[in-house]
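Hello,

Here is the structure I said I would pass on. My notes on what was found in it follow directly below.

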Amino acid sequence: MKTLFSKSIQFGIIAGVILIFSELINLTSTFAVILEKLFNSAKTGKTASPLAIQILTGLVVFFIAYTFLRKKNGSKSHTAGQEIGSGLLMGITAGILISLLNVILGTYLAKGQDIRNYLDAVSPEVISTFLFQTDIANAVIRYFIATILGGLAASLLHLVSSKTNVSGKISKFIQKIVQQSKIRIFLNKYPYMTTILTLLVVIAVFLLPVLVNAYAISVLGIVFIYAIMGLGLNLIVGLSGQLVFGYVAFYALGAYTFGLLTAPKPFGIEMNFWPALIIAIFIAAIGGLFVGVPIMNLRGDYLAIVTLGFGEIIRILINSNLLADFTGGPQGIKNIGQPTQPALTAKIFGKPFDDNVWFLYLILILFLVVLYVVFRLQYSRTGRSWEAMREDETVAQACGVTVSSYKVLAVVIGAAIAGLAGAIYASRNTYTGPGEYAFMVSVNALAVVVIGGMGSIPGTLLGAFIIKGLPELLRDLENYRMLVFGALLIAMMIIRPEGIWPVKRRTLSVTPESIEVLKKDLKP
Amino acid sequence: MTTKPAYVLEANNITISFGGLTAVNDVSLQVPFQSIISIIGPNGAGKTTFFNAISGFYSCDSGTVLFQDRPINGIPTDEVANLGISRTYQNIRLFTNMTVVENILIGQQPRLRSTFLDAILQTSRNRREEKQSIQKASNLLDFVGLSAYADDMAKNLPYGAQRRLEIARALGNNPHLLLLDEPCAGMNPQETAAMIELIKTLRSQLKIAIVLIEHDMKVVMNISDSILVLDHGEKIAQGTPEEIQSDQRVVEAYLGSGTENLVEKYSQRKAANRKAVQPHVF
Ligand SMILES: Nc1ncnc2c1ncn2[C@@H]1O[C@H](COP(=O)(O)OP(=O)(O)OP(=O)(O)O)[C@@H](O)[C@H]1O
Ligand SMILES: [Mg+2]
């Protein structure tokens, strides 16, 4: 009983602190506005209505309280009175905290003091929004109503669900559906159906560019460019286990090589798209060789630091006045070439695609090519050797894996793929400059690999959507975009530390033959 | 005209020291074809270090290692594997996040030829090799009795099965010589008996010479053609099981002077060791 009491207060405090924090950075009202927009499309402006803030406050308490009650009751059950008391207590505790904050802020407001010097987000308008445009006493009552209702709702819901065991039944039901799902059985019975399904997905993806608007096309473009990069980095980090940090360097090499070959200035070569692309890939691969050879005997942290240095060197070089005659220095390279659309597409579809649609198709096709290559590599002797190296380098070598050459190979192929991504990126923007190759690009590429699941190809694609696509979806959150994004990443890594879509191992074994075959086979 | 070498492996006067400590001191060993030789000795005697010298993990301070009359001092471990020497490890070292079959496929590395380009282009060589190596892996699994686990993750195997998997992986490169570092460590009597059977079959069916380090005297006396005894890095005796059991120096080195039966004492020690964590890397 006593522990329930003190724990309830503890969780009430947690809810209260979350509320206070969100109010101080003005996150609550941003969410409240989004909430309103969900239900009321006519809503404009950025001031949250009192009701939305109240609902949000109640929801926070509700979630915290419900989580607490569910965990608590795992060991021993409480009476209905205790449950409701616990919910009430959490609501009151949270209410006291958030009211306290608003009393303090309200007092400052009444005195006419501006506290933005200390708390950047808390302007007088924000304070009055949180006071529901009324006086302090009124606001405090409203906050208590919200938090107490939230706490009570949580305990009631928990009572109902634990007595009738609704949630248990639902989760069992879902499990049953998943396990016995007709689709699963169907796919197992007819393996070629998997291929057909995959094809359908590919077709759907290929229909996307003509269906969505220009903004979505540009987002999809960058998502798939990152997916290509991720696939390359996945070979290096996810499969061969080398923590290479300065991956952006290869990306920049590809972009600049492509830019210099196709732009009118500074060299005026103005080469066609495809040969320039191939040369860019090649140069990036050579860059990979130059990096891969010296680092092949480094492990772990040393490797990360050395490659990080390499990334920075490239960025500083292209930014420097020293090489400005070749790289355009800080100004970068303008008017980079774009591929011309083959006349064939116009013939087939009646009229040529818009430029951005056509470019997205190009990115998709190149993505599929890269996908095919990495897929083949991963499920081959080469990919397995990389994985063995990642698992235990010493033993892999003693099994006959020539570790150093496989390491260099991974870096070279990964670099070539990054070079490809860089070249497409430069061509898409018709511009490239040193600003594009900040350290953040390496970090993002690494995040793409880690979020999806190291070594997992579909995971990499998913990771690209999350890292580059999700922030765009979160645009409504404005300044809190990155905050929420970070919180989501942390949550994901806690819930699924092995990545969202971890590698699925293949079933390879076949029926064994007689020992005579083995005897002959093993004749040294 | 080359004559068949007399021994599959000859280690002559091997010495290895770490700083001031001489872990292996002037030890020689000849391994005839298709023989089973055991190395025994108290903890820290230098047995594993001697293995590491033969398999290229450590380079010798002095002495030579000849594999079928060919000197292999100082060559990297992957080339040692290419030549046909395989080994297992005292504390099991599998590729834990790969499947059982994949582990054995890695063991076959020295026998495979297809490159990454073959893989990308799906050449016929790549397809044929993939098919053959998977078949061979399945055969090897059947041989060591692990077919049931074929597509499981290596880390999910029970302890005894992991030791067997290490042996199957070591067979992947068609070895002439197999080095087993404490293959029966931590096993119960049934598992130990099965392991003895397996080792005997390796020799009789697959014609492989085996050197093993083992603390379990029952195992050692049961299967060895010859036993090498190390103590403080030095060879104190070598001979048949009968000779070793009656060797006064061996008894003293292990157990202090006394007349008790060596086998008895040794199994007590082993039981005690089973709980002790092995301190070394290999
Ligand atoms: N890499 C190393 N660096 C320093 N000392 C080492 C190293 N490897 C082994 N030694 C030392 O060499 C000696 C022999 O070790 P070794 O592992 O060969 O013993 P062992 O006979 O295999 O013993 P056990 O029965 O415990 O496996 C020990 O004293 C050990 O501490
Ligand atoms: Mg040892």
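In this predicted model, the element that gives the most to the shell around ligand 1 is α1(B), with 3 residues. Helices and strands here are DSSP runs, numbered from the N terminus (helices: H or I, at least four residues; strands: E, at least two). In chain B, α1 (47–54) and β2 (21–32) each supply at least two residues of that shell.

In total, 16 residues surround ligand 1, and the closest are Gly44(B), Lys47(B), Thr48(B), Thr49(B) and Gln90(B). A residue is near the ligand if one of its heavy atoms lies within 4 Å of it. By type, the shell divides into 5 nonpolar, 9 polar and 2 charged residues. Nonpolar covers Ala, Val, Leu, Ile, Met, Phe, Trp, Tyr, Cys and Pro, charged covers Asp, Glu, Lys and Arg, and the others, Gly among them, count as polar.

Three side chains make polar contacts with oxygen atoms of ligand 1 (pairs of N or O atoms within 3.5 Å). The distance is 2.6 Å for Thr48(B), 2.8 Å for Gln90(B) and 3.0 Å for Asn43(B). Ligand 1 taken alone exposes 640 Å², and the protein buries 75% of that. Accessible areas come from the Shrake-Rupley method with a 1.4 Å probe, and for residues only the protein chains shown count as cover.

On chain B as a whole: the chain has 11 helices and 10 strands. Of its 282 residues, 57% count as buried, meaning under 20% relative accessible area (exposed is over 50%, partly exposed in between; 1.4 Å probe, protein chains only).

The contact between the chains (heavy atoms within 4.5 Å) takes 48 residues from chain B and 44 residues from chain A. The area buried between them is about 4200 Å², of which carbon and sulfur atoms give 61%. Buried area is the accessible area (1.4 Å probe) that two parts lose on being put together, summed over both. In chain B, Gln109(B), Phe116(B) and Ile120(B) lose the most area to chain A, together 14% of what that side buries.

On the other side, Pro512(A) is in the loop between α22 (481–495) and α23 (515–521) of chain A. Pro512(A) touches Gln135(B), Ser138(B), Asn139(B), Asp142(B) and Ser147(B), not counting residues up to four places away in sequence. Pro512(A) is partly exposed, with a relative accessible area of 31%.

Residues are numbered from 1 along each chain as its sequence is written, and chains are lettered from A and ligands numbered from 1 in the order in which they are written. Local features need pLDDT of at least 70, side-chain atom pairs count only at pLDDT 80 or more, totals for chains, interfaces and linings use all residues, and side-chain values use heavy atoms, with hydrogens and water left out.

Regards

Notes:
Polar contact = N/O pair within 3.5 Å; in protein donor to acceptor, adjacent residues only side chain to side chain.
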